[in-house]
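Here is a friendly walk through one protein chain. Take a moment with the sequence and the 3D view, and then we will go through them together.

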Amino acid sequence: MSSRTTTSFVTFLHPFVVAGYTDELPAGEYEVLADDEVMLSHSFAAYRRTATFLLINLHAGKSELRAVDHRDLELALAQDQANPNTNEIKNSAAALSPSKD
């Protein structure tokens, strides 16, 4: 089977925590890498998500790639959008769609 990796960006308006990690990450834009496995049939191709990673930019040009469950990332985005401490328009969910390769 073959696979693909797609890249997208999510924007958090508030500091957040993703399940599986204890540290709070600052608000901002984050790159998301998603690995999908191609499942072929006689009439169509389908993709199954095998891994999701969140790229965390640390200080001094260093970064960390964290494995996250895509459902936990979606939950963190939903909680960020529901945060009543802002009057800004929230558009984070649209950023989950993959960009063109």
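## A first look at the fold

The chain contains one helix and four strands; here helices (H or I, at least four residues) and strands (E, at least two) are DSSP runs, numbered from the N terminus. Starting at the N terminus, the elements follow each other as β-β-β-β-α. Please keep in mind that this is a predicted model, in which local features need pLDDT of at least 70 and side-chain atom pairs count only at pLDDT 80 or more, while totals for chains, interfaces and linings use all residues. Residues are numbered from 1 along each chain as its sequence is written, and side-chain values use heavy atoms, with hydrogens and water left out.

Of the 101 residues in the chain, 26% are buried. Buried means under 20% relative accessible area, exposed means over 50%, and partly exposed lies in between (1.4 Å probe, protein chains only). The chain exposes about 6,800 Å², and carbon and sulfur atoms supply 52% of that area. Accessible areas come from the Shrake-Rupley method with a 1.4 Å probe, and for residues only the protein chains shown count as cover. Among the contacts in the chain with a separation of 6 or more, 44% are between residues 24 or more positions apart; a contact means heavy atoms within 4.5 Å.

## The sheet

How are the four strands ordered in the open sheet? Their order is β1-β2-β3-β4, and the pairing is antiparallel. Two strands count as paired if DSSP finds at least two bridges between them. β1 (3-12) and β4 (63-68) stand at the edges with a single partner strand each, so one side of each has no neighbour in the sheet. From one strand to the next, the twist averages 30°. Axes here are lines fitted to C-alpha atoms, for helices over the stretch in contact, and angles run from 0 to 180 degrees between N-to-C directions.

Strands β2 (residues 28-40) and β3 (residues 45-57) run antiparallel and are joined by 10 bridges. A hairpin of four residues leads from β2 to β3. On the other pairing of β3, six bridges link β3 and β4 in the antiparallel sense. The hairpin of β3 and β4 has five residues between the strands, and in this hairpin A60 takes a positive phi near 55°.

Some residues that face each other across the strands are listed here.

| Residue | Opposite residue | Strand of the opposite residue |
|---|---|---|
| V32 | L54 | β3 |
| M39 | A46 | β3 |
| T52 | V68 | β4 |
| N57 | S63 | β4 |

## The helix on the sheet

Helix α1 (residues 70-82) packs on the sheet and touches β1, β2, β3 and β4, with a direction at about 20° to that of β1. At 1.5 Å a residue, the 13 residues of α1 should span 18 Å, and the end C-alpha atoms are indeed 18 Å apart. The expected span is 1.5 Å times one less than the number of residues in the helix.

Which residues of α1 are buried? They are L73, A76, L77 and D80. Seen down the axis of α1, these buried residues fall within an arc of 100°, so they line one face of the helix. The arc is that of the directions from the helix axis to the C-beta atoms. The buried residues of α1 pack against β1, β2 and β3, while R71 and A82, on the other side of α1, are exposed.

## Two residues up close

F12 is found in strand β1 and is buried, with a relative accessible area of 2%. Leaving aside neighbours within four places in sequence, F12 is in contact with A27, G28, Y30, L73, A76, L77 and D80. Although F12 and A76 are 64 residues apart in sequence, their C-alpha atoms are 8.7 Å apart in space.

A67 has its place in strand β4. Is A67 buried or partly exposed? A67 is partly exposed, with a relative accessible area of 44%. Not counting residues up to four places away in sequence, A67 touches Y21, T52 and F53. The C-alpha atoms of A67 and L33 are separated by 9.4 Å, with their positions 34 residues apart along the chain.
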